[in-house]
Amino acid sequence: MTKDERKYLDWLKKDKYDGQARAASLAVDLGRLRAGEPLDYVIGWRPFLGCKIVLTERPLIPREETEYWAKEAIEEIKKDKRPKIKCLDIFTGSGCVGLAVLANAKNTVVTFADKSPRALKSVRKNLKVNSFQIGSHRAKVVESDVFSGLSDQFDYIFANPPYIPLGRKLPESVSRYEPREALRAGRDGLLFIKRFLVQAPAHLVEGGKIYLEFGYGQKKAVDILLKKIGFGSWVFGKDQFGRCRFAIIKNSR
Ligand SMILES: C[S@@+](CC[C@H](N)C(=O)[O-])C[C@H]1O[C@@H](n2cnc3c(N)ncnc32)[C@H](O)[C@@H]1O
């Protein structure tokens, strides 16, 4: 057994089996890891800004880079003392971003939207696991092709759309195990970013904000789109590795 495998088994014992692992179960898990399956799927969940994100439905595994800008968004929302802040977590996947917002900013209500049945099942499960009632005044889940199922306007929209160009090679652990519909976005990777940005102004209140994640190298294309659509102002943000990976966009004309 390699040093890494020993480390992973320790994590599995603690995070999956709560210290009660049986040798047979660990042997099955080790087989899955050796076949290339991501550790987070084998464990079955991962933490995200204080929430437990269950991955048994196999949504996209939340990434540290997403956690980074979501934390920044939450810090900003926490300064907003209005009694009710309406948020949309579009392209929600596991629901990680919206759940972190609900858990960390108590004056928020969040609509979670996705097109994929797998994602919708996953976000419902994660709301339950994190003790939020679906259909309560704070959390709503909507099936939607980008904005098709949504009519409201929001104070904040969080979007991490698929943005990987069709031909780009991905690590096998991603292409074999993670959902294709969460990753691929046409030849240039901009298919959903374009659709999202064109439709977003109609769903954002005056002065509202969008946090949009995009791929490394897509900043210029996003900048051009934002100018073309005529958003009021925007700034780009770097992730924890110094790469420009998100935009904060304000709806004021
Ligand atoms: C990159 S994942 C983001 C998941 C999650 N928000 C995160 O940050 O981990 C993109 C998500 O967009 C969803 N999606 C793909 N096409 C869509 C569409 N046309 N309308 C709405 N959601 C879509 C996928 O099902 C997937 O859950």
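**Lys84.** I started at Lys84, which has 10 C-beta neighbours inside 10 Å and therefore counts as exposed. This is a predicted model, so I keep that in mind for everything below. I found Lys84 in the loop between α4 and β3 (85-90). Next I looked up what it touches once neighbours within four places in sequence are set aside: the contacts are Asn107 and Val109. I also checked Thr108, which sits 24 residues away from Lys84 in sequence but 5.7 Å away in space, C-alpha to C-alpha.

**Gly98.** Buried or exposed, I wondered about Gly98? With 30 C-beta neighbours inside 10 Å, Gly98 counts as buried, because the cut-off for that is 20 or more. Gly98 belongs to helix α5, residues 96-104. Ignoring neighbours within four places in sequence, I listed its contacts as Cys87, Asp89, Thr92, Val110, Phe112 and Phe158. I then tried Val54, 44 residues from Gly98 along the chain, and got a C-alpha separation of 14 Å.

**Positive phi.** I went through a few backbone angles next. Arg58 has a phi near 60°, positive in a residue other than glycine. I placed Arg58 in the loop that runs between β2 (51-54) and α4 (64-78). Its 17 C-beta neighbours inside 10 Å are why Arg58 counts as partly exposed.

Val146 is another non-glycine with a positive phi, about 50° here. It lies in the loop between β5 (139-143) and β6 (154-159). I counted 19 C-beta neighbours inside 10 Å for Val146, so it goes down as partly exposed; buried would need 20 or more.

I also noted a glycine: Gly36, just after α2, takes a positive phi of about 110°.

**Helix α2.** That took me back to α2 itself, residues 23-34. The helix has twelve residues and reaches 16 Å from first C-alpha to last, close to the 16 Å expected at 1.5 Å a residue. How many of its twelve residues are buried? I get one, so to speak a helix that is hardly covered.

**Domains.** I checked the domain assignment, which gives domain 1 as 3-35 and domain 2 as 63-250. Their C-alpha centres lie 33 Å apart.

**Whole protein.** I then stepped back to the overall picture. The secondary structure adds up to nine helices and nine strands. Along the principal axes, the C-alpha atoms fill a box of roughly 60 × 40 × 30 Å. For the radius of gyration I have 19 Å, and this agrees with a compact globule, because one with 253 residues would come out near 18 Å. On burial, I noted that 33% of the 253 residues count as buried. For contacts between residues at least 6 apart in sequence, I have 64% joining residues at least 24 apart.

**Ligand.** My last look-up was the ligand. Which residues are closest to it? I have Phe91, Gly93, Lys115, Ser116 and Ala182, out of 23 residues that surround the ligand. Sorted by class, this shell has twelve nonpolar, seven polar and four charged residues.

Terms used. Residues are numbered from 1 along each chain as its sequence is written. This is a predicted model: local features need pLDDT of at least 70, side-chain atom pairs count only at pLDDT 80 or more; totals for chains, interfaces and linings use all residues. A residue is near a molecule or strand if its C-beta atom, placed from the backbone, lies within 6 Å of it. Ala, Val, Leu, Ile, Met, Phe, Trp, Tyr, Cys and Pro count as nonpolar, Asp, Glu, Lys and Arg as charged, and the others, Gly among them, as polar. Helices (H or I, at least four residues) and strands (E, at least two) are DSSP runs, numbered from the N terminus. The radius of gyration is taken over C-alpha atoms; the globule rule is 2.2 Å times the number of residues to the power 0.38. Two residues are in contact if their C-beta atoms, placed from the backbone, lie within 7 Å. The expected span of a helix is 1.5 Å times one less than its number of residues. Domain bounds come from an automatic or database domain assignment.
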